Amino acid sequence: MGKITIAIDGFSSTGKSTVAKQLADWLGYVFVDSGAMYRAVTLYAMRKGHISTTVFNKRKLEECLDEISLSFKKENSSSKAEMYLNGENVEREIRLMTVSELVSSVATISSVRVKLVEQQQQMGEGKGVVMDGRDIGTVVFPGAELKIFMNASADKRARRRYDELIAHGDNVTYTEVLENVRERDHIDTTREDSPLVKAGDAIEIDNSEMNLEDQFHIILQLAKDRIAGRL
Ligand code: CDP
């Protein structure tokens, strides 16, 4: 059966990566978390001292882009591919709030987007890919056979992210997480280059009141229909 490309976009902490990974595992497709790539570039610039809560040196950040090499690697066939920055596993570190606070500003920089979009398009060249992000159905794969746009209330999203961070031992408050979710939504939807918008042919799913299993089955059915050439 022919393989398709699946684009999952939406607001922060809507569970895009969770469902994208489930779908990729079920279909035997490659899963790509494009947000991890923006987070890894952000981490690199933070470590170099080019950006922080008080500094934002766009020129220096752009100058160091060529020093950054990103790759995804899996421990075994069932695990999630983890983010490697210049050969170092940074999967845990890129999820910290300190990175979340800066990533959306970094993602407004066009030269960063050009570099990452090019790599994402290469990863999806042979189809059979499920990629999640903000601009996958609009910019990275405008021809994707299935496009999903995920949404949920800001409160639900912040609650889910807060629980996740606490489980990982990150020292955050719910209010901080909610503010970060709202701020990133604002930056992501209002930036000039590739803002977060629902593609005209995307199917919107609000999962505020949906459990993971129901959400997976709805999206899996849509994928099966597209693969079979229906819809
Ligand atoms: O997982 P979460 O929803 O917190 O976000 P993410 O997918 O890890 O993405 C982090 C940030 O990277 C987003 O808030 C966007 O600013 C940016 N991003 C983007 O601009 N384009 C993408 N395709 C993916 C992420």
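# Helices, sheets and salt bridges

Reader: Is the crossing in which α2 passes α5 left-handed or right-handed?

Author: The two elements named are helices, which, like strands, are DSSP runs numbered from the N terminus (helices H or I, at least four residues; strands E, at least two). A crossing is left-handed if the near helix is turned anticlockwise from the far one by less than a right angle, and right-handed if clockwise. The crossing in which α2 passes α5 is right-handed.

Reader: What kind of model is this?

Author: Residues are numbered from 1 along each chain as its sequence is written, and side-chain values use heavy atoms, with hydrogens and water left out. Local features need pLDDT of at least 70, side-chain atom pairs count only at pLDDT 80 or more, and totals for chains, interfaces and linings use all residues, since the model is predicted.

Reader: At what angle do α2 and helix α5 pack?

Author: Two packed helices are described by the angle between their axes and the distance between the axes. Axes are lines fitted to C-alpha atoms, for helices over the stretch in contact, and angles run from 0 to 180 degrees between N-to-C directions. The axes of α2 and α5 (residues 110-123) are 11 Å apart, and the angle is about 140 degrees.

Reader: How many nonpolar residues does the contact of α2 with α5 have?

Author: Contact means heavy atoms within 4.5 Å. On the α2 side the contact is made by Ser-34, Met-37, Tyr-38 and Val-41, while α5 contributes residues including Val-112, Leu-116 and Met-123. Ala, Val, Leu, Ile, Met, Phe, Trp, Tyr, Cys and Pro count as nonpolar, Asp, Glu, Lys and Arg as charged, and the others, Gly among them, as polar. By class, one residue is charged, three are polar, and the number of nonpolar residues is seven.

Reader: Which strands stand at the edges of the sheet β3-β4-β5, and why is one side of each left without a neighbour?

Author: Two strands pair if DSSP finds at least two bridges between them. In this open sheet of three strands the pairing is antiparallel. One side of each edge strand is without a neighbour in the sheet because each has a single partner strand; these edge strands are β3 (70-73) and β5 (88-89).

Reader: What angle does the direction of helix α2 make with that of β4?

Author: β4 (residues 82-85) runs antiparallel to β3, to which four bridges join it; in one such pair, Met-83 is the bridge partner of Phe-72. Helix α2 (residues 34-47) packs on this sheet and touches β3, β4 and β5, its direction making with that of β4 an angle of about 35 degrees.

Reader: What is the average twist from one strand to the next in the sheet of five strands?

Author: The open sheet has the order β2-β6-β1-β7-β8, with parallel pairing. Its edge strands, β2 and β8 (203-206), pair on one side only. From one strand to the next, the twist averages 20 degrees.

Reader: Which strands of the sheet does α2 touch, in addition to the strands that helix α1 lies across?

Author: Helix α1 (residues 16-27) lies across β1 (5-10), β2, β6 (129-133) and β7, and runs at about 165 degrees to β1. Helix α2 makes about 40 degrees with the direction of β2, and the strands it touches here are β2 and β6.

Reader: Which residues are linked in a network of salt bridges?

Author: A salt bridge is a side-chain nitrogen of Lys or Arg within 4 Å of a carboxyl oxygen of Asp or Glu, and the structure holds 15 of them. One joins Arg-95 and Asp-33 (3.0 Å, N to O), which lie 62 residues apart, in the loop between β5 and α4 and in strand β2 respectively. Another joins Lys-80 and Glu-91 (3.1 Å, N to O). The network consists of Asp-33, Lys-80, Glu-91 and Arg-95.

Reader: Is Asp-33 buried or exposed?

Author: Buried means under 20% relative accessible area, exposed over 50%, and partly exposed in between (1.4 Å probe, protein chains only). The partner Arg-95, at 27%, counts as partly exposed. Asp-33 has a relative accessible area of 4% and is therefore buried.

Reader: Why is α4 largely enclosed by the rest of the structure, and which elements do its buried residues pack against?

Author: Helix α4 is largely enclosed because seven of its ten residues are buried. Among them are Met-97, Leu-102 and Val-106. The buried residues pack against α2, α3 (58-63), α5, α7 and α8 (174-190).
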